[in-house]
Each structure stands twice: as C-alpha cells, then as structure tokens.
Amino acid sequence: MEDYFQKIINFDQNLLVLSLLAIFFTLEQLINSKINFKQSAFHLVHNLLLQISYTVVNFGFAFIILTCFKWITDYHIGLFNQIPITYTFKVLVGLLCIDFTYYWSHRLYHISSLFWRFHRVHHSDIQMAADTSFRFHPFDALLDGASSITAAAIFGLDANIILFFFAIYLPILFAQHSKFVFPDWTDKILGKIIMSPNLHKVHHHQKQEYTDSNYGNIFVFWDKLFETYKILPVNEIKYGLEEFDDPKKQNAWYLIKSPFSNIKRIK
Ligand SMILES: [Zn+2]
Ligand SMILES: [Zn+2]
C-alpha cells in the first residue's frame with residue numbers, strides 16, 4: 001500500500017494537470033460537433049491566464065505553507081499525531097478529513113461576502129468546459145492554502161497526504177467541469193460516494209439555492225449529512241452568475257479586478 005502511495009505522490013502534479021487539460025479539451029472539441037473554436041480558444045486563454053496568476057501567488061506563499069507543514073510534523077500537532085495508528089490508516093482517513101475540511105471552507109467562501117468576492121470568479125463561467133477547472137481568482141490560492149493547513153493542523157496530516165488528496169481529486173475536478181453530460185448511472189452508482197460531474201454542475205447553476213449546494217470536492221457524504229445536497233437535470237441548469245452574464249465580464253483582466261468592485265449579487 002505504501003508503495004502505491006509513494007508512486008502516486010511522486011507523480012508530477014503539474015504534468016497530471018496539463019495531461020488532464022489536454023485530454024479533456026481535445027475530447028470536448030472532437031465529440032461536440034457544434035463547437036465554436038474561436039469561443040473555445042477565448043475561453044481557454046482567459047482561464048489559463050487566471051490559472052497562471054493563481055500559480056504565481058501559490059509559489060509566492062509556498063515557503064509559508066511548507067513551514068506550517070514542517071511545524072505540524074516536527075511538533076506532532078493534530079489528532080492523528082496523538083494516537084497510535086498506521087500510516088496507511090492515516091492516509092485513508094486523512095482523505096476523508098481533508099474533504100470534510102474543504103467542504104466547510106467551501107461553504108465559508110459562499111457565506112462570507114468577502115470570500116465570495118474571490119470565489120465567485122469560479123462561478124462566473126457561463127459555460128462548463130475542462131478549462132473551467134482553472135478558473136480561480138489568484139487570491140483564492142491563499143484561501144485554499146489556509147484550508148489545507150487547517151486540515152493538516154486539526155487532523156495531524158503531512159504534506160504528502162495533501163498531495164495524495166490532490167492526485168485523487170484532480171481527475172474528478174476535470175470530469176466535474178467538462179462539457180460532457182455523463183449518463184444517469186454515474187449519479188446512481190458513483191453519485192452515492194463521490195461528487196459526480198452532474199452533481200457538481202448543479203453547484204454552478206445561476207439560482208442561488210442551487211449555487212449554495214453540493215459543496216463537496218471528492219465525496220458526497222457531507223452535503224447529504226449537512227443537508228446541502230441538491231439534484232437537478234443537467235439540461236435545466238443555467239451556468240454562471242447573472243451579474244457576470246455580459247460577455248465583456250468574461251475576460252481574465254475584468255475577473256481579476258472584480259473582487260475590488262461592488263458587484264451586487266443578483267439572486
Ligand atoms: Zn462554490
Ligand atoms: Zn466548480
């Protein structure tokens with residue numbers, strides 16, 4: 001088990017992300033006969049620009065994040081550092097614990113008007129495509145980094161377990177945002193355990209009662225447990241946020257500046 005774990009965390013995650021983008025983006029162009037290449041290229045370029053700025057901020061704070069992880073390990077901070085359990089158990093339960101923490105931080109991004117200003121950039125997309133997985137405000141990197149450190153500090157997890165979480169989550173993230181409408185059985189079978197692509201698409205519906213639902217990243221349990229689980233047929237979903245519907249508000253520069261403008265949420 002530890003061998004598989006090492007192989008997975010040793011795999012370059014930048015390469016994994018680029019491979020997933022290349023696979024999903026190519027399949028979307030090939031399978032969708034009504035594709036508008038100019039529109040797809042615009043969408044890709046602007047979401048890539050957002051991802052580049054997100055990555056730059058992430059690198060800028062990498063030292064702080066790594067120092068926090070070192071403290072957590074060196075000073076045996078967190079629940080699993082206090083009880084005698086095997087590393088394999090820690091990795092497996094750690095996945096659930098990280099997802100649980102991200103569920104609550106994601107709810108916080110929606111509840112807090114300050115955090116929503118940054119997180120709404122992800123929700124502003126008027127279409128779902130592989131590169132929507134890249135559409136995050138650069139300062140979201142700070143919120144995401146703080147969520148990872150919080151999970152690690154509460155449960156006593158090391159950086160490798162967080163890396164393992166992302167190795168599992170990234171393919172799910174790209175599937176969740178892809179143009180493809182997955183068959184119903186994916187919800188009936190996979191949707192009992194994971195946040196299936198159709199379920200995550202409900203989270204991108206313009207109507208706030210649906211935007212504020214299905215917060216889970218990998219697992220669906222938390223939404224069911226805390227009553228934020230909602231289902232809706234994909235063909236009834238209108239993506240984006242009404243206040244960002246204007247095509248002029250869909251470019252990277254506008255989106256990067258948008259948290260600093262008072263944009264009223266249309267419910
Ligand atoms: Zn959200
Ligand atoms: Zn999303």
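A residue is called buried if 20 or more other C-beta atoms lie within 10 Å of its own, exposed if 12 or fewer do, and partly exposed in between, with C-beta atoms placed from the backbone. The structure is a predicted model, in which local features need pLDDT of at least 70 and side-chain atom pairs count only at pLDDT 80 or more, while totals for chains, interfaces and linings use all residues. Residues are numbered from 1 along each chain as its sequence is written, and chains are lettered from A and ligands numbered from 1 in the order in which they are written.

**Two residues with positive phi**

The table sets out two residues other than glycine; helices, here and below, are DSSP runs (H or I, at least four residues) numbered from the N terminus.

| Residue | Phi | Loop | C-beta neighbours inside 10 Å |
|---|---|---|---|
| His 76 | near 50 degrees | between helix 4 and helix 5 | 10 |
| Glu 227 | near 60 degrees | between helix 12 (221-225) and helix 13 (252-257) | 8 |

Because Glu 227 has 8 such neighbours, it counts as exposed, and His 76, with 10, counts as exposed as well.

**Helix 4**

His 76 comes just after helix 4. The 13 residues of this helix should span 18 Å at 1.5 Å a residue, and the end C-alpha atoms are 18 Å apart, which agrees; the expected span is 1.5 Å times one less than the number of residues. Ile 65, Phe 69 and Ile 72 are buried in helix 4. Seen down the helix axis, the buried residues of helix 4 fall within an arc of 60 degrees, so they line one face, the arc being that of the directions from the axis to the C-beta atoms. The face turned away from this buried side carries exposed residues, among them Phe 63, Ile 64 and Lys 70. Helix 7 and helix 8 are included in what covers the buried residues of helix 4.

**Nonpolar cores**

A nonpolar core is a set of buried Ala, Val, Leu, Ile, Met, Phe, Trp, Tyr and Cys residues joined through C-beta atoms within 7 Å. The largest has 18 residues, and those touching the most other members include Cys 97, Phe 155 and Ile 161. Two or more residues of this core come from each of helix 4 (62-74), helix 5 (87-111), helix 7 (140-155) and helix 8 (159-177), and helix 5 gives the most, with five residues. Apart from this core lies another, of eight residues, including Leu 50, Tyr 54, Ala 141 and Leu 255. Ile 161 touches Lys 90, Val 91 and Gly 94, not counting residues up to four places away in sequence, where contact requires C-beta atoms, placed from the backbone, within 7 Å.

Technical notes:
Two residues are in contact if their C-beta atoms, placed from the backbone, lie within 7 Å.
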